[in-house]
Amino acid sequence: MAISQNGNIVSSVGQFKTLEQFIIEQQHVLPYSTGAFSRLIRDISVAAKIINRDINKAGLVDIIGDAGEVNVQGEDQQKLDIMAHNELVRALIRGGECCVIGSEEQEDLIFVEPNSSGHGEYIVLFDPLDGSSNIDVNVSVGTIFSVYRLEKFSGEGKPTMEDVLRPGVDQVASGYVIYGSSTMLVYTTGHGVNGFTLDPSVGEFMLSHPDIKTPEQGTLYSINEGYYRAFEKGLREYIKWIQTPDEATGRPYTSRYIGSFISDFHRNLLRGGIYMYPSTAKNKNGKLRLMYEVNPTAFIVEQAGGIAIDGTKRVMEIIPGSLHARTPLFIGSKQMVERVQQFLSGELTLKNAS
Ligand code: AHG
Ligand code: MN
Ligand code: MN
């Protein structure tokens, strides 16, 4: 997008590469370079455009608010959670590149029947709408997805849960869509991170943020500090350390917490910062879901030069116990995540940290 001399916004067509052109150009870097992966990302991007359209109508038609159901996590489902889930499932089934789907909004796996050219080779897991409780108040929300490849089923005929419960290091791609002041799709296949902005005038995602890198050290921290008293001692000390003025390290850092994980993550990725959803006295495993919130963002942050840990170890090495398993998360700029880890282990305290 560019601004002309008279201040009008000039269409981006012709100036930027579309998502589809970019994927086709990149196909050669993937070891399993077939058109199937390109079609899979295209299917997800089509669903994202439909979800984007629906979200933009929130407030005008009767789609905001509670759907009156509770999902597998025991959380109220918003109408748009269900609509986003349905759009993604529909697009993936229609596309035929996927053999099994897992969603935050459905307890069991969704098996996709093979079509005339056989079964799809990909597993896609997603949080259809992250931060959906924020929709009613017009705050950014997102879609998060994780992609695995499955050439051979371990069982007879169809994939099993065992085929799906793989660590994040096995992902072949991951990404998210953020429905914010503009709509962006950000993804990685393990060869860097690229971001695309939806140009609504042409209905295409355009490469606007090539090769995203996150700063090694940032000044933003994101955590729900309302739970402060429920945090373990090391974390409480780290937060106090962050708040202690110090010219050399630029402290105090700035607190930013939207309560839409993907929006907080996206801002910190671009600006540099740390997002934390720790274990609390009540929720030992925190709140975020390993397979469709944590692993996809961990893959992206690592590809951008950052790190993601559960407090002690790399989250992408965790073997998932279940599709909807949760994990504590500390994710973002490398030096910031390393520092919180030192506080959590007791190596650093308020007294000995400089
Ligand atoms: P979802 O809307 O998919 O259920 O996710 C909500 C999550 C995440 O987006 C956010 O960071 C977190 O919940 C906020 O939780 P707290 O209100 O406990 O801070
Ligand atoms: Mn979520
Ligand atoms: Mn959700």
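Good morning. I begin with two residues of one helix: Arg90 and Glu87 both lie in helix α3, 3 residues apart, which is about one turn of the helix. A salt bridge joins Arg90 to Glu87, with the closest N and O atoms 3.3 Å apart. Please keep in mind throughout that this is a predicted model. The two partners differ in their surroundings. Arg90 is partly exposed, as its relative accessible area is 44%. Glu87 has 13% relative accessibility and therefore counts as buried, the limit being under 20%.

How many salt bridges does the count give? The count comes to 17. Another of these salt bridges is formed by the side chains of Glu97 and Arg39, at 2.7 Å from N to O. This pair links distant parts of the chain, for Glu97 lies in the loop between α3 (79–95) and β5, Arg39 lies in helix α2, and 58 residues separate them. Glu97, at 11% relative accessibility, counts as buried, whereas Arg39 is partly exposed, with a relative accessible area of 36%. A further salt bridge brings together the side chains of Lys213 and Asp211, at 3.7 Å from N to O. Here Asp211 counts as partly exposed, at 46% relative accessibility. In addition, Glu104, Arg289 and Glu293 are joined into one network by salt bridges that share partners.

Glu104 leads us to the metal site. Which residues coordinate the manganese ion (ligand 3)? They are Glu104 through OE, Asp127 through OD and Leu129 through its O atom, at 2.1 to 2.3 Å. Along the sequence, these donor residues follow the spacing E-x22-D-x1-L. Asp127 also serves as a bridge between the manganese ion (ligand 3) and the manganese ion (ligand 2), and these two ions lie 3.7 Å apart. Glu104 and Asp127 come from distant parts of the chain: Glu104 is in the loop between β5 (98–103) and β6 (106–111), Asp127 is in strand β7 (residues 122–130), and they are 23 residues apart. Are these two residues buried or exposed? Both Glu104 and Asp127 are buried.

Strand β7 takes us on to the sheet. The sheet is open and has 8 strands, in the order β6-β5-β7-β8-β9-β10-β11-β12, with mixed pairing. Why is one side of β6 and of β12 (204–209) left without a neighbour in the sheet? Both strands stand at the edges and have a single partner strand each, so one side of each has no neighbour there. On average, neighbouring strands of this sheet are turned by 20° against each other, direction ignored. Within the sheet, β7 and strand β8 (residues 141–149) run antiparallel and are joined by 7 bridges. Val124 stands opposite Val147 in β8.

Two helices pack on this sheet. Helix α2 (residues 35–56) touches β5, β7, β8, β9 (173–179), β10 (183–188), β11 (193–199) and β12, and its direction makes about 15° with that of β7. Helix α7 (residues 290–303) touches β5, β7, β8, β9, β10 and β11, and the direction of α7 makes about 80° with that of β8.

I close with a single residue, Ser333. Where does Ser333 lie? Ser333 is in the loop between β17 (329–332) and α8 (334–345). With 0% relative accessibility, Ser333 counts as buried. The side chain of Ser333 reaches the backbone oxygen of Pro215 at 2.7 Å. Leaving aside neighbours within four places in sequence, Ser333 is in contact with several residues, including Thr214, Glu216, Gly272 and Gly273. Thank you for your attention.

Terms used
Residues are numbered from 1 along each chain as its sequence is written. Chains are lettered from A and ligands numbered from 1 in the order in which they are written. This is a predicted model: local features need pLDDT of at least 70, side-chain atom pairs count only at pLDDT 80 or more; totals for chains, interfaces and linings use all residues. Side-chain values use heavy atoms; hydrogens and water are left out. Donors are N, O and S atoms within 2.8 Å of the metal (3.2 Å for Na, K and Ca); water is not among the atoms, so sites may look incomplete. Helices (H or I, at least four residues) and strands (E, at least two) are DSSP runs, numbered from the N terminus. Buried means under 20% relative accessible area, exposed over 50%, partly exposed in between (1.4 Å probe, protein chains only). Two strands pair if DSSP finds at least two bridges between them. Axes are lines fitted to C-alpha atoms, for helices over the stretch in contact, and angles run from 0 to 180 degrees between N-to-C directions. Contact means heavy atoms within 4.5 Å. A polar contact is a pair of N or O atoms within 3.5 Å; within protein, one must be able to donate a hydrogen and the other to accept it, and residues adjacent in sequence count only if both atoms are side-chain atoms. A salt bridge is a side-chain nitrogen of Lys or Arg within 4 Å of a carboxyl oxygen of Asp or Glu.
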